[in-house]
Amino acid sequence: DIKESQDKLLEKQLKTINDVGKLLNKKVIICKTNQRQVLESIKSPANGWAYYIHGVCIFSNAYNLSNEYSNFYFPSSNIIKINNLNKEIEQLWGSSLYLDKYYSSNFFKIINKDITTRLDKIKFILKKNKDIVLKYLKVCWQNPNQEYNCSKCEKCLRTIIPIGILNKDNIKQMKTFKINNFDKIVQKYLNTKFNSKSDNDFQNEIKNMIKH
């Protein structure tokens with residue numbers, strides 16, 4: 001989500017990736033591609049990157065590493081909802097639990113094993129290493145003025161709110177977001193009417209989380 005022209009933000013993001021890699025003892029491999037820019041510059045359906053092609057582009061880059069690695073684990077994305085009457089998938093998405101494996105070959109496996117919600121992921125990473133998460137977490141895709149997290153967009157809010165709901169003390173420890181009046185932020189988000197189906201789905205997940 002960061003463009004090469006956003007030099008300050010890119011430098012900060014690369015530092016984060018390398019710092020976290022060292023803390024977790026993981027090898028960091030940086031891949032550079034202009035696939036998204038090229039594909040979005042030609043005539044394509046609205047939201048074509050999200051609905052059709054982001055998975056394919058990521059898989060093609062993963063294949064560049066197939067001389068070193070035999071498996072590529074792709075994280076779960078949107079929940080796939082099945083219509084009980086005709087068993088059809090209700091929502092298009094460029095990656096799918098049911099589709100991704102078919103991009104595998106006899107020497108390289110694309111693995112998407114599970115349907116895990118965004119809330120499940122948040123709970124998992126906080127439990128795994130809360131200190132690292134709250135110090136380094138980056139989710140924003142709008143990046144106005146090359147901000148690390150704008151703390152205002154839909155994606156920032158749907159990240160901040162569950163973390164705060166799980167434990168309000170987390171809010172004070174979040175180093176990469178600017179949060180004033182958490183309760184007000186929650187109410188404003190819950191009362192927002194989104195046009196995107198995925199945004200509404202995320203909002204409903206949070207509403208259900210609050211109820212339970």
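**Exercises on aromatic rings**

Tyr63 counts as partly exposed, at 25% relative accessibility. The model used in these exercises is predicted.

**Exercise 1.** Classify the pair formed by the rings of Tyr63 and Phe107, and state which parts of the chain the pair ties together.

Solution.
- The ring centres are 6.0 Å apart, and pairing requires centres within 6.5 Å.
- The planes stand at 85 degrees, so the pair is edge-to-face, because angles over 60 degrees count as such.
- Tyr63 lies in the loop between helix H3 (48–62) and strand S1 (71–73), while Phe107 lies in the loop between S1 and strand S2 (109–111).
- The pair therefore ties together parts that are 44 residues apart in sequence.
- Phe107 has a relative accessible area of 48%, so this residue is partly exposed.

**Exercise 2.** Work out the geometry of the aromatic pair of Tyr63 and Phe108, and decide whether Phe108 is buried or exposed.

Solution.
- Centre to centre, Tyr63 and Phe108 are 4.8 Å apart, with 55 degrees between the planes, and the pair is tilted.
- Phe108 lies in the loop between S1 and S2 and Tyr63 in the loop between H3 and S1, so this pair ties together parts 45 residues apart in sequence.
- Phe108 is at 2% relative accessibility, so Phe108 counts as buried, the limit being under 20%.

**Exercise 3.** Find which residues ring pairs link into a cluster, and how far the charged end of Arg158 is from the centre of the ring of Phe202.

Solution.
- Phe59, Phe72, Phe74 and Tyr103 are joined into a cluster by ring pairs.
- The charged end of Arg158 sits over the Phe202 ring, at 3.8 Å from the ring centre.

Conventions:
Residues numbered from 1 in each chain as written. Predicted model: local features only at pLDDT ≥ 70, side-chain atom pairs only at ≥ 80, totals over all residues. Heavy atoms only, no water. Phe/Tyr/Trp six-rings, centres within 6.5 Å; stacked < 30°, edge-to-face > 60°. Helix = DSSP H or I, 4+ residues; strand = E, 2+ residues; numbered from the N terminus. Buried < 20%, exposed > 50% of the residue type's maximum accessible area, 1.4 Å probe, protein only. Lys NZ or Arg CZ within 6 Å of the ring centre and 35° of its normal.
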